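Q: Got a minute to walk through this one with me? I'd like to go over a few spots, one by one.

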Amino acid sequence: MALTMFDKIWNSHVILEKPGGDALLHIDRNFVHEGSFHAFGALAKEGRKVRKPRQNFAVADHYVPTVGRERGVEAAEDADARNMIRLLEENCRVNDIAHYGIDDDRQGIVHVIGPELGLTQPGLTVTCGDSHTSTHGALGAYAFGTGASQLKQILATQCLWLKRPKTLRIVVNGQLAPGVTGKDVVLAIIAKIGTAGATGHVIEFAGSAISGLTVEGRLTVCNMAIEAGGRAGMIAPDDKVYEYLHGREFSPKGADWDRALAQWRTLPSDDGARFDREVTLDGAKLEPMLTWGTSPEEALPVSGRIPDPKSLGDANQRAHAEQALAYMDLKPGMALTDIQIDRAFIGSCTNGRIEDLRAAAAVLKGRKAVIQAWVSPGSTALKRQAEAEGLDKIFLDAGVEWRASGCSSCAAMNGDKVPPGMRSASTSNRNFEGRQGKGARTHLMSPAMTAAAIVTGRVTDVRTLAAGKH
Amino acid sequence: MKSFTTLTAVAAPIEMANIDTDRVIPVRFLRKLRSDKAGYDPYLFHDMRFDNDGREKPDFVLNQPAYRKAGIIVAGANFGCGSSREGAVYALLDYGIRAVIAPSFGDIHYANELQNGMLPVILPEEICRGLRDQLRAKPGASLAINLSAQTVIDTEGFAHPFTIDPVYKERLLKGLDDIGLVLENTPVIESFEHDYHAQRPWLA
Ligand code: SF4
C-alpha cells in the first residue's frame with residue numbers, strides 16, 4: 001500500500017495500540033526550556049524522574065536577556081526571569097539532562113538549535129512543550145508541541161498517548177519570484193486556509209516551490225504550520241537536508257551515517273499515497289506578504305490594501321477584522337505601503353537563521369536605519385558565524401543593534417518589549433494582540449521586507465528598494 | 001486527575017471566535033509559580049477583564065455580577081488556538097471553569113483541557129450561538145453537562161447531544177492518569193526500545 005511520509009514515521013514509532021485508536025508512541029527527542037518548569041514540578045511532586053535523560057535536551061531561550069550577556073543570568077530582566085533560567089538548570093541537574101545554559105556555546109532558540117546540532121533528523125518523533133516544535137518537521141521529522149501535562153508524561157516515560165491525526169498535503173507548485181521567500185509562502189498559505197484550516201491534521205508541504213527552498217526556508221514554512229492550526233508540518237527530506245545534517249554534532253557518523261541515510265531515503269511519501277485533504281497554490285503568483293491584523297491569517301501581498309471588514313463573507317472573520325483594525329489603528333482601503341513603522345525585530349525561530357540574517361544584511365548594506373531595530377540571531381553559534389561573515393558590521397553600520405541570541409521580541413518574555421501603541425515590523429510568527437508587549441502592533445513579514453521597513457520607516461516592497469526606487 | 005461526570009453551573013457567553021491562548025492568559029503571567037494558595041485565576045482573560053490600571057472592565061462578561069461564578073464558558077470557533085501554554089488551562093480551572101463549549105478548539109489546547117480533567121465540548125456553530133443568546137437573555141442561568149449521556153441541557157431544558165472520543169470520555173469519567181496507563185506497559189515498551197535502537201544505535 002502506498003504510504004505517506006507521516007504514515008511511515010507514525011508506524012515505526014507505535015509501541016502499542018488500543019481499541020479506539022489510541023496509540024502509544026515512542027518519542028526520540030524531547031526538548032525543554034525555561035517554560036517547562038510546571039512539568040518538572042509536577043514530576044517531582046509525584047516522586048518521578050526522567051526515564052531517558054539522554055533523549056532529552058534543555059536550552060535557555062525564552063527568558064534570556066539579549067544584552068549584557070557577559071553578566072550571565074544577572075543580566076536577566078528581573079528576579080522571576082532569573083529564577084526561571086536557574087530553575088531549568090537545577091531541574092536538568094537533578095534529572096541528568098544535557099543543558100545548554102545562558103553562556104553555553106550551543107545556546108539558542110530551541111527550534112533553531114535542534115536542527116543546528118543535528119539532534120533533529122529525518123524520521124524521528126520530536127517533541128517540546130512549545131507550539132512551534134512544528135519547525136523541526138522541515139527535516140522530515142514528525143515534530144509537535146505539547147502542553148505541560150503531556151510533557152510530564154514524556155519526561156516520565158519517553159512515550160506519549162496519541163490519536164492518529166489526519167493528513168493534509170499542501171502543494172505549492174511553480175517557481176517563486178525573486179524576493180519571495182519561505183515566509184511569504186507560509187503567510188500566503190495561512191491567508192488562504194485560515195488559522196484553523198489545518199486543525200487536526202499533520203501538514204506535508206510539497207511541490208516544486210517547497211523543494212526549491214533551502215533547508216532554512218523550509219524550517220520557516222514548517223515553523224508556521226501551527227499558525228494554520230496544523231498539528232505538525234513536514235517536508236520530505238532530500239539531498240539538501242542530508243548535506244545540511246552531515247557532520248553536525250549529533251548527526252550519525254561513519255557507518256551509522258550510511259545506515260541512517262539508507263533509512264532516510266525511504267521516508268518520502270510514496271506515489272499514490274492518500275492524504276485526507278489536499279490544497280494547491282501557485283507559487284509563481286506569490287508576492288512578498290505581510291500581516292495587517294492580529295491573526296496570522298490576516299495577511300496580504302504587499303501591493304494590497306487593508307480590507308473593509310464589511311466585505312468579508314464570514315461573520316467571525318468580520319468581527320475579528322473590525323477588532324483587529326481598531327487595535328492596529330488602521331483604516332479600510334489604505335495601501336499597505338502607506339503604513340508607518342516605528343520599530344523592527346529580526347530574529348526568532350521563524351526567521352533567525354543565517355540565511356535570514358544574510359537577506360536582511362543584503363538590504364541594509366550601505367543604507368541607514370530610520371527607526372529603532374535590532375537583530376537577535378537564532379543561536380549563539382549563528383551569531384559567531386554571522387560575525388565571521390561580517391554581517392554584524394553591516395547591521396551596526398546601518399544603525400541596527402546586534403544582540404545576543406534568544407526568543408527576544410518574538411514573545412517579549414525576557415523584557416524585549418515593543419512599547420504600547422508602537423508599530424513593529426517583525427520576522428516572528430505571531431501578531432496576536434499584546435504578543436510583543438501590551439498594546440504593541442505587530443506586522444509579520446520576511447527578513448528582507450523587515451530590513452526594507454527599517455530603512456524607509458514604512459511598509460515597503462523590498463523589490464522596489466532593490467531596483468533603486470528609494 | 002479529577003474525574004468529570006456531570007456539571008451544572010452558571011455559563012458565561014463570550015461572543016468571539018479565535019480566542020487564542022495569549023488572550024486566555026497573557027504571556028507575562030506564565031512566569032508565575034502556581035500553588036494551591038496562589039492560583040492562576042487572577043490572570044484569566046486578564047487584558048479583556050482588566051484595564052491598564054488593573055480595574056475591572058464592566059463590559060467583560062465575567063465582571064458582570066450574574067456571571068462571576070461561571071463554571072462553563074460558551075465561546076466562538078477555534079477556542080484556545082495559538083501557543084501551547086497549559087497556563088491557559090490552569091487559569092480557567094483556578095477560576096472555576098470546568099468546561100468550555102465551542103464549535104471547535106485549537107488542537108493542543110483541547111488536549112491540555114483533557115489532561116487536566118476539563119471537558120471541551122464541541123457543538124455546531126448555530127447551537128453555540130443559540131446557547132450564547134439564551135445565556136445573554138437570562139444572565140446567570142446554568143447549563144447542565146452530562147458526560148455519560150454526552151448531552152448539554154440548555155436553559156430551556158432542551159438536550160443537545162455532543163460527540164467525544166470514547167477513549168477521552170473514559171479517561172475523564174474515571175479520572176485516569178496517563179502516566180499510569182503508560183507504565184503498566186513497561187515490558188512492551190522496553191522490548192520496543194530494544195529493537196528500535198538496534199536499528200538506530202546513534203539515537204540511543
Ligand atoms: S522565538 Fe518565539 S515562537 Fe520561537 S520558541 Fe521563542 S517565543 Fe516561541
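Q: Ser408(A): buried or exposed?
A: Ser408(A) is buried, because its relative accessible area is 1%, and buried means under 20%. Keep in mind that this is a predicted model.

Q: Where does Ser408(A) lie in chain A?
A: In the loop between β17 (401-402) and β18 of chain A.

Q: And what's the phi of Ser408(A)?
A: Near 50 degrees, which is a positive value in a residue other than glycine.

Q: OK, on to the ligand. Which residues surround the ligand?
A: Here's the full set: His62(A), Ile109(A), His111(A), Asp130(A), His132(A), Ser348(A), Cys349(A), Cys407(A), Cys410(A), Ala411(A), Asn429(A) and Arg435(A).

Q: How does that shell divide into nonpolar, polar and charged?
A: The shell residues come out as five nonpolar, five polar and two charged.

Q: Where does the ligand sit?
A: In the largest cavity.

Q: Let's switch to Phe432(A). Where is the place of Phe432(A)?
A: Phe432(A) is in a loop of chain A, the one between β18 (423-426) and β19 (441-444).

Q: Is there cover over Phe432(A), or how would you class it: buried or exposed?
A: Phe432(A) counts as buried because its relative accessibility is 5%, and the cut-off for buried is under 20%.

Q: What does Phe432(A) touch?
A: Not counting residues up to four places away in sequence, Phe432(A) touches Glu227(A), Thr294(A) and Pro296(A), plus Asp20(B), Asp22(B) and Gly82(B) from chain B.

Q: How far apart in space are Phe432(A) and Val50(A)?
A: 34 Å, C-alpha to C-alpha, with their positions 382 residues apart in sequence.

Q: What about Gly437(A), where is that found?
A: Gly437(A) is also a loop residue, between β18 and β19 of chain A. At 4% relative accessibility, Gly437(A) counts as buried.

Q: Which residues does Gly437(A) touch?
A: Tyr327(A), Ala412(A), Lys417(A) and Val418(A), with residues up to four places away in sequence not counted. As for distance, Gly437(A) and Ala319(A) are 118 residues apart in sequence and 23 Å apart in space, C-alpha to C-alpha.

Q: Changing topic: α5(A). How many of the residues of α5(A) are buried?
A: 10 of its 10 residues, so the helix is mostly covered because buried means under 20% relative accessible area. Among them are Ala148(A), Leu151(A), Lys152(A) and Ile154(A).

Q: Where does Gln153(A) lie?
A: In that same helix, α5 (residues 148-157) of chain A. Gln153(A) counts as buried, given its 1% relative accessibility.

Q: What is Gln153(A) in contact with?
A: If you leave aside neighbours within four places in sequence, there's Gln158(A), Cys159(A), Leu160(A) and Trp161(A) in chain A, and Gln115(B), Asp178(B), Ile179(B) and Val182(B) in chain B.

Q: Gln158(A) turned up there. What follows α5(A), again?
A: Gln158(A) does, with a positive phi near 60 degrees. Gln158(A) isn't a glycine, either. Gln158(A) lies in the loop between α5 and β8 (159-163) of chain A, and counts as buried at 0% relative accessibility.

Q: Now α13. Which residues of α13 in chain A are buried?
A: For α13 (residues 354-364), the buried ones are Ile354(A), Asp356(A), Leu357(A), Ala360(A), Ala361(A), Val363(A) and Leu364(A). Just after α13(A) comes Gly366(A), with a positive phi of about 75 degrees.

Q: Over to chain B. How many helices and strands does chain B have?
A: Eight helices and seven strands. The C-alpha atoms of chain B fill a box of roughly 65 × 40 × 30 Å along the principal axes.

Q: What share of chain B counts as buried?
A: 59% of its 204 residues. Chain B exposes about 8300 Å², and carbon and sulfur atoms supply 53% of that.

Q: What about contacts between residues at least 6 apart in sequence: what share in chain B join residues at least 24 apart?
A: 63% of them.

Q: Last one: where is the place of Asn116(B)?
A: Asn116(B) is in the loop between α4 (107-115) and β4 (119-122) of chain B. Asn116(B) counts as buried because its relative accessibility is 18%, with the cut-off at under 20%.

Q: And what is Asn116(B) in contact with?
A: Leaving aside neighbours within four places in sequence, Asn116(B) is in contact with Ser149(A), Met1(B), Glu86(B), Val89(B), Tyr90(B) and Leu93(B). The C-alpha atoms of Asn116(B) and Leu93(B) are separated by 8.4 Å, with the two residues 23 apart along the chain.

Technical notes
Residues are numbered from 1 along each chain as its sequence is written. Chains are lettered from A and ligands numbered from 1 in the order in which they are written. This is a predicted model: local features need pLDDT of at least 70, side-chain atom pairs count only at pLDDT 80 or more; totals for chains, interfaces and linings use all residues. Side-chain values use heavy atoms; hydrogens and water are left out. A residue is near a molecule or strand if one of its heavy atoms lies within 4 Å of it. On a 1 Å grid over the protein atoms alone, a cavity is a set of points where a 1.4 Å probe fits but cannot get out, and a pocket is an open set with protein on both sides within 12 Å along at least five of seven lines; lining residues have an atom within 4 Å of a point. A molecule sits in a cavity or pocket if more than half of its atoms lie within 2 Å of its grid points. Ala, Val, Leu, Ile, Met, Phe, Trp, Tyr, Cys and Pro count as nonpolar, Asp, Glu, Lys and Arg as charged, and the others, Gly among them, as polar. Helices (H or I, at least four residues) and strands (E, at least two) are DSSP runs, numbered from the N terminus. Buried means under 20% relative accessible area, exposed over 50%, partly exposed in between (1.4 Å probe, protein chains only). Contact means heavy atoms within 4.5 Å. Accessible areas come from the Shrake-Rupley method with a 1.4 Å probe; for residues, only the protein chains shown count as cover.
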